Amino acid sequence: MKTLLMLVMGWLIMNDALDASGQPPRRSAAVEEKELIAKSPEEQRIVDALKEMWQGERHLNVSAMDGRLLRMLTESCNAQRVVEIGTSTGESALWLAMALRTTGGKLWTHEIDAGRAATARKNFEKAGVNGIITVIEGDAHETVTQHTEPIDILFLDADKEGYIDYLDKLLPLVKPGGLIIAHNMNTRQADPRFVKAITEDKNLETLILLKEGMGLGVTLKKR
Ligand SMILES: C[S@@+](CC[C@H](N)C(=O)[O-])C[C@H]1O[C@@H](n2cnc3c(N)ncnc32)[C@H](O)[C@@H]1O
């Protein structure tokens, strides 16, 4: 009987149901990420510009979590050419620029509203990244036709019903292995035509992340 008890205890410990003292293991709280720690004075300058923007009026900008993911994806695929549709005052562009500082890449960002484009330019200057960002003013449905070079990352964050048109026009330029990242993909806001296009094409692989927020669609253009 004692041997059987010891065998059962051993099995429970091995399977993490009990700790060595025979108690259920203490579970720590969910692991939380910390605030971004800047690695260099240049990165700190971008973080400072973002923090200053967070003190002021919001202009439909991405959350810090969305921004950090954008930066991570951009840096990890060593992106050289990034195209953003929907600059607003430039927060997501600053997150992208944080990555592009490291990869040596460039961002082209489209904005229809002249006032927001002007504010974005000021923010880029403050953050020390205006050398790597080109703001293209005007209706992006027309201005995206300027792009002719391969794109590593296409970030969509403008008129939601326009995503399908941006995809049609720019997908041929997205490199195999490149990403199409779409903001506001939670079910309420996503355009079903766009959702169908990125989820039912055998050449694409899509995940919807950060659904507890605005939802970020991450689509890989397969090789
Ligand atoms: C959600 S905001 C972008 C937020 C920005 N990505 C950020 O996180 O800081 C959407 C922006 O898209 C712009 N926009 C809407 N339709 C557009 C179009 N057809 N062409 C270019 N920009 C457009 C709006 O003026 C607005 O500033």
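The buried residues of α2 pack against α4 and α5 (114–127), where a contact means two C-beta atoms, placed from the backbone, within 7 Å. Helices here are DSSP runs of H or I with at least four residues, strands are E runs of at least two, and both are numbered from the N terminus.

Keep in mind that this is a predicted model: local features need pLDDT of at least 70, side-chain atom pairs count only at pLDDT 80 or more, and totals for chains, interfaces and linings use all residues. Residues are numbered from 1 along each chain as its sequence is written.

Now for α2 itself. Its buried residues (20 or more other C-beta atoms within 10 Å of their own; exposed means 12 or fewer, partly exposed in between) are I46, A49, L50 and M53. They cover an arc of only 95 degrees around the axis, going by the directions from the axis to the C-beta atoms, so they sit on the same side of α2. The face turned away from that side carries the exposed P41, K51, E52, W54 and Q55.

The lengths of both helices agree with 1.5 Å times one less than the number of residues:

| Helix | Residues | Expected span | End C-alpha distance |
|---|---|---|---|
| α2 | 41–55 | 21 Å | 21 Å |
| α4 | 91–103 | 18 Å | 19 Å |

As for α4, 11 of its 13 residues are buried, including W95 and R101. Just after α4, G104 takes a positive phi of about 80 degrees.

Then there's the ligand. α4, β2 (106–111) and α6 (140–143) each supply at least two residues of its shell. Of the 21 residues around the ligand (C-beta within 6 Å), G86, S88, E91, S92 and A140 come nearest.
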